[in-house]
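I opened my notebook to look up aromatic rings and cysteines. Here are my entries, in the order I made them.

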Amino acid sequence: MENWQAVLSIAVFGGLIFLLITEWIHFTVAAFLGALILVAANVMTLQQAIGYIGQSHGTLGLFFGVMVMVRAFEPTKIFDYLATQIVILAKGRGDRLLLGIVAITTPICAFLPNATTVMLLAPLVPPMAQEVGVDFVPLLILMVFVANSSGLLTIVGDPATYIVGDAVNLSFTDYLIRLSLGGAIAVGVVVAVLPFLFRKIWNKKLDSLEELPRPKINHPRTLIVGALIAAFVLVFFVVGESLPVPVSPATVALLGAALAMMLAHHSKIDTVSHILRDVDWSTLIFFMCIFVVIGGLEKTGVITSLSGVLTVLLGKNIFLGSIVILFFVGLISSVVPNIPLVVAMVPLLKQYVVNVGFAGAEVLSPDFKGQFPAIVLPLFYAMMYGATLGGNGTVVGASSNIVAAGIAEQHGKRITFKKFLRYGIPVMFLQLVAAAIYMILRFLIWT
């Protein structure tokens with residue numbers, strides 16, 4: 001690929017990050033312009049750009065389906081009702097509210113994609129914050145931290161973790177035994193910083209719960225049917241891909257959206273046009289465009305070159321290499337979505353272990369189903385931890401972050417790049433350090 005195309009791809013990506021940081025223009029417009037520049041400059045054709053979007057059809061379909069479902073059930077006031085009940089259970093105390101968000105989000109994100117969980121739970125946050133009398137933006141940011149961190153509890157909790165685990169033929173049980181503790185430690189780090197990063201909310205106390213609004217559920221019969229639809233969707237999120245005829249999460253979400261719209265229309269609680277009008281199209285378009293911009297880096301070989309330089313520097317030192325990969329991938333994935341990053345780095349790491357003689361050439365085959373040598377596995381484990389925890393660094397670091405930003409904007413506030421950074425950098429740094437210590441003790445010293 002010609003050098004000028006690689007330079008332009010880097011410049012577009014760098015310019016996009018700059019515009020996100022400075023907030024000179026809306027983040028969706030910035031990404032849209034970046035994608036169009038690459039197409040106009042013939043770095044990629046329009047067909048290729050649409051192809052990069054198409055490669056992520058599962059993510060987009062999943063997000064759209066869940067957004068429609070959440071919006072379709074809004075007229076029932078179920079989110080306001082649940083938010084009030086959570087505040088009552090927390091007895092109006094900010095510390096209990098923060099810990100409650102951790103407790104609710106963690107088990108769900110162990111089995112559902114983190115962005116999906118944020119889409120399902122985030123509508124509870126603004127009414128909760130309003131009832132307690134605090135800003136809802138820090139609460140959304142906390143939910144994102146917990147969602148990203150608890151995705152490390154199982155191999156299916158985060159797409160990047162699954163991609164790497166599948167590449168080295170790591171089973172669900174093996175992951176639980178070897179790596180889940182690292183995910184628990186990451187969640188523990190978030191809990192430990194709550195009194196410091198969220199001090200104002202932590203110390204908040206309501207004098208009386210009697211002043212809380214008492215929202216009532218509207219259309220209870222419709223909500224019962226809606227609950228059955230939601231239960232169907234959640235069950236098939238977990239088991240759908242293991243059925244004899246696999247059903248992807250995106251398909252399940254779209255089917256749930258269709259059923260939810262049909263229910264809303266026939267029960268006359270809302271119209272289909274109103275539901276579709278209120279979908280967060282801004283966030284969906286941003287994802288489409290960011291896939292194209294990252295595709296430009298991939299197509300011009302930029303990601304491959306960066307990863308290749310790293311593997312050359314590692315030598316045969318697995319100890320040093322694992323720690324370097326952990327922090328390198330963590331820092332990169334704070335500004336580059338982790339899925340294309342790990343997709344690019346997995347084959348390079350495989351080639352590296354073959355080149356230095358740690359494994360035979362058979363591991364390079366996509367059909368290889370054997371076991372990788374135990375000595376090289378820490379490299380891949382480090383990539384899992386880095387790619388997932390690095391997403392907590394900036395507002396564009398993970399899909400769940402972007403989803404939360406879109407929900408905040410729908411409720412009249414923005415999660416700015418700088419504000420997220422103020423919370424994200426200390427959390428990301430502490431989690432990467434904790435993950436490094438765990439890896440050193442668990443895989444590089446005791447084994």
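**Entry 1: burial at one ring.** A reminder to myself that this is a predicted model. I started with Phe287 and asked: is Phe287 buried or exposed? Its relative accessibility is 5%, so I noted Phe287 as buried, the cut-off being under 20%.

**Entry 2: a second edge-to-face pair.** From there I went to Phe372 and Phe380. Their ring centres lie 5.7 Å apart and their planes meet at 70°, so I wrote the pair down as edge-to-face; the angle needed for that is over 60 degrees. Both partners got a burial check too. Phe372 has a relative accessible area of 5% and is buried. Phe380 comes out at 0% relative accessibility, so it also counts as buried.

**Entry 3: the whole tally.** How many aromatic pairs does the count come to? I got 10 aromatic pairs. One of them joins Phe286 and Phe287, with 6.4 Å centre to centre and 65° between the planes, which is edge-to-face. Phe286 is buried, at 2% relative accessibility.

**Entry 4: a cluster.** I then followed these rings outward. Phe286 and Phe287 belong to one aromatic cluster together with Phe27 and Phe291.

**Entry 5: cysteines.** Last, I looked for disulfides. A disulfide is a covalent bond between the sulfur atoms of two cysteines. I found zero disulfides in the structure. While there, I checked burial for two cysteines. Cys109 is buried, at 0% relative accessibility. Cys289 has a relative accessible area of 6%, and I marked Cys289 as buried as well.

Methods
Residues numbered from 1 in each chain as written. Predicted model: local features only at pLDDT ≥ 70, side-chain atom pairs only at ≥ 80, totals over all residues. Heavy atoms only, no water. Phe/Tyr/Trp six-rings, centres within 6.5 Å; stacked < 30°, edge-to-face > 60°. Buried < 20%, exposed > 50% of the residue type's maximum accessible area, 1.4 Å probe, protein only. Disulfide = S-S within 2.5 Å.
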